[in-house]
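Q: Please walk me through this structure, and tell me each time how the term you use is earned.

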Amino acid sequence: MTQKSIKILVVGCGNMGASHALAYHQLDGFEIVGLVSGGKTKEVLNEKLGGGYALFDDYYAAMDATKPDAVSISTYPDTHETYAVEAFERGCHVFVEKPLADTVEGARRVVNAAKKNNKKLVVGYILRHHPSWMKFISVSQELGKPLVMRMNLNQQSEGKMWTLHRNLMKSLSPIVDCGVHYIDVMCQMTRSRPVQVYAIGARLTEEIPEGNYNYGNLQIRFEDGSVGWYEAGWGPMVSETAFFVKDVFGPNGSVSIVAREAGGSGKSDSIEAHTKTESLLYHRSELDANEAFAHEDEWIDLRDEPDHNALCKREQEYFLDAIHQDTDLSDHMEDAVNSLRIAFACDESVRTGKVVHL
């Protein structure tokens with residue numbers, strides 16, 4: 001029996017919204033019923049998709065006109081909670097880009113609305129659908145405990161990307177907006193409870209609101225003794241030196257993402273490059289009788305990995321399957337709230353200068 005297509009309203013037509021819309025356009029299980037944005041991005045996206053989609057400036061008007069089965073939200077984080085809760089109250093399933101909301105309390109309200117209305121909520125943790133990152137996590141779990149996890153994603157941005165970053169920083173810091181991805185990865189690697197965080201930050205431009213910062217570095221300590229740091233900076237002044245560090249080591253050795261091309265000069269603000277891995281370098285710490293390394297380092301080639309649009313398509317296949325199979329997404333939702341809770345604890349540490357216990 002052929003399953004009914006899910007009528008989906010695409011809200012937000014920028015970089016991520018356009019990638020998700022392309023996935024819906026390509027997948028038989030979805031039918032786009034409208035594109036929503038406050039600016040001209042919806043017209044650009046509509047043309048890219050071949051035209052013919054209904055265009056809306058206002059989310060609520062679009063909901064009234066299209067009566068969708070599901071809503072895809074890729075707007076700025078300060079609208080995520082309001083739009084998602086409204087969609088659930090109207091009986092829609094929701095895909096929402098990370099972070100789930102711009103407060104932990106807001107994220108919890110979104111999850112509660114999904115449960116109350118018995119609808120599916122999928123959050124855009126794209127790395128969870130990336131086979132190379134899955135391999136990175138699985139190899140890290142062979143390294144013993146405790147783990148040391150070192151990650152960053154500094155972005156030397158200009159033009160449209162600097163505009164995007166300034167708009168994001170009206171509500172969130174870089175270590176919250178981007179950090180949730182890597183905090184989620186660290187939690188998967190350790191499978192342990194975070195117990196405390198400490199973070200520092202600096203406001204390097206007057207173009208962002210007072211009280212926010214465009215450079216941050218967070219540190220997390222886990223119950224099993226594992227530790228991790230994540231660094232994120234946005235702006236035209238940010239250095240590209242070592243902007244792409246993805247490295248883990250433990251008693252048994254280390255594993256590192258080595259993206260020679262994606263980690264090259266001029267790539268730090270490329271969304272396409274952010275999900276590239278290209279290869280893993282797996283080092284084993286075992287020594288022989290002469291205290292020389294017993295194993296040669298192993299290169300794991302990952303160059304057949306999916307590109308950014310293909311990853312977004314995988315996310316939407318997961319969303320579609322969750323709807324049709326009535327998948328229990330409780331753990332998925334709780335993980336999204338938990339990573340945001342940790343990220344905001346780091347934000348609190350920046351603002352107070354104190355260690356925050358979780």
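Q: What makes β2 and β3 a parallel pair?
A: Strand β2 (residues 30-36) and β3 run parallel and are joined by two bridges. Strands count as paired if DSSP finds at least two bridges between them, so this pair meets the rule. Leu-35 stands opposite Leu-55 in β3. The names come from DSSP runs (helices are H or I of at least four residues, strands E of at least two), numbered from the N terminus. A word on the source: this is a predicted model, in which local features need pLDDT of at least 70 and side-chain atom pairs count only at pLDDT 80 or more, while totals for chains, interfaces and linings use all residues. Residues are numbered from 1 along each chain as its sequence is written, and side-chain values use heavy atoms, with hydrogens and water left out.

Q: Which strands are called edge strands, and why?
A: The open sheet has six strands in the order β3-β2-β1-β4-β5-β6, with parallel pairing. Its edge strands are β3 (55-56) and β6 (121-124), as each pairs on one side only. As background, strands of a sheet pair through backbone hydrogen bonds, either parallel or antiparallel.

Q: How do you know that β4 pairs with β1 and with β5?
A: Strand β1 (residues 6-11) pairs with β4 in the parallel sense over four bridges, and Leu-9 stands opposite Val-71 in β4. Four bridges also join β4 to the parallel strand β5 (residues 93-97), where Ile-73 stands opposite Val-96. From β4 the chain crosses through helix α4 (residues 80-89) to β5, and this β-α-β crossover is right-handed. That word means that, with the strands pointing away from the viewer, the path from the first strand over the helix to the second runs clockwise.

Q: What makes both faces of β4 count as covered?
A: On one side of β4 (residues 70-73), Ala-70 and Ser-72 are buried, and on the other side Val-71 and Ile-73 are buried too. Buried means under 20% relative accessible area, exposed over 50%, and partly exposed in between (1.4 Å probe, protein chains only). Helix α3 (residues 59-66) lies across β1, β2, β3 and β4, at about 165° to β1. Helix α4 lies across β1, β4, β5 and β6, at about 170° to β5. Those angles run from 0 to 180 degrees between N-to-C directions, with axes fitted as lines to C-alpha atoms (for helices, over the stretch in contact).

Q: Why is Val-111 called buried or exposed?
A: Val-111 has 0% relative accessibility, so it counts as buried. Its place is in helix α5 (residues 104-116). Leaving aside neighbours within four places in sequence, Val-111 is in contact (heavy atoms within 4.5 Å) with Leu-100, Leu-121, Met-333, Glu-334 and Val-337. Val-111 and Met-333 are 222 residues apart in sequence, yet their C-alpha atoms are 6.6 Å apart in space.

Q: What span is expected of α12, and what does the model show?
A: The expected span is 1.5 Å times one less than the number of residues. Helix α12 (residues 330-352) has 23 residues and reaches 33 Å from first to last C-alpha, close to the 33 Å expected. Gly-353 follows α12, with a positive phi near 75°.

Q: What makes a set of residues a nonpolar core, and how many residues has the largest?
A: A nonpolar core is a set of buried Ala, Val, Leu, Ile, Met, Phe, Trp, Tyr and Cys residues joined through side-chain atoms within 4.5 Å. The largest has 85 residues, and those with the most contacts inside it include Leu-100, Phe-136 and Tyr-230. Its largest share, ten residues, comes from α12. A second, separate core of 23 residues includes Leu-45, Phe-95, Ile-323 and Leu-329.

Q: Which peptide bonds are called cis?
A: Among them is the bond from Lys-98 to Pro-99, with omega near -10°. Pro-99 sits in the loop between β5 and α5. Another cis bond joins Lys-145 and Pro-146, with omega about 0°.

Q: What is notable about phi at Glu-291 and Asp-326?
A: Most residues other than glycine have a negative phi, and most peptide bonds are trans. Glu-291 is not a glycine, yet its phi is positive, about 60°. Asp-326 likewise has a positive phi, near 55°.

Q: Why do we call Glu-291 and Asp-326 buried or exposed?
A: Glu-291 has 65% relative accessibility and so counts as exposed. Asp-326, in the loop between α11 (308-325) and α12, is at 55% and therefore counts as exposed.
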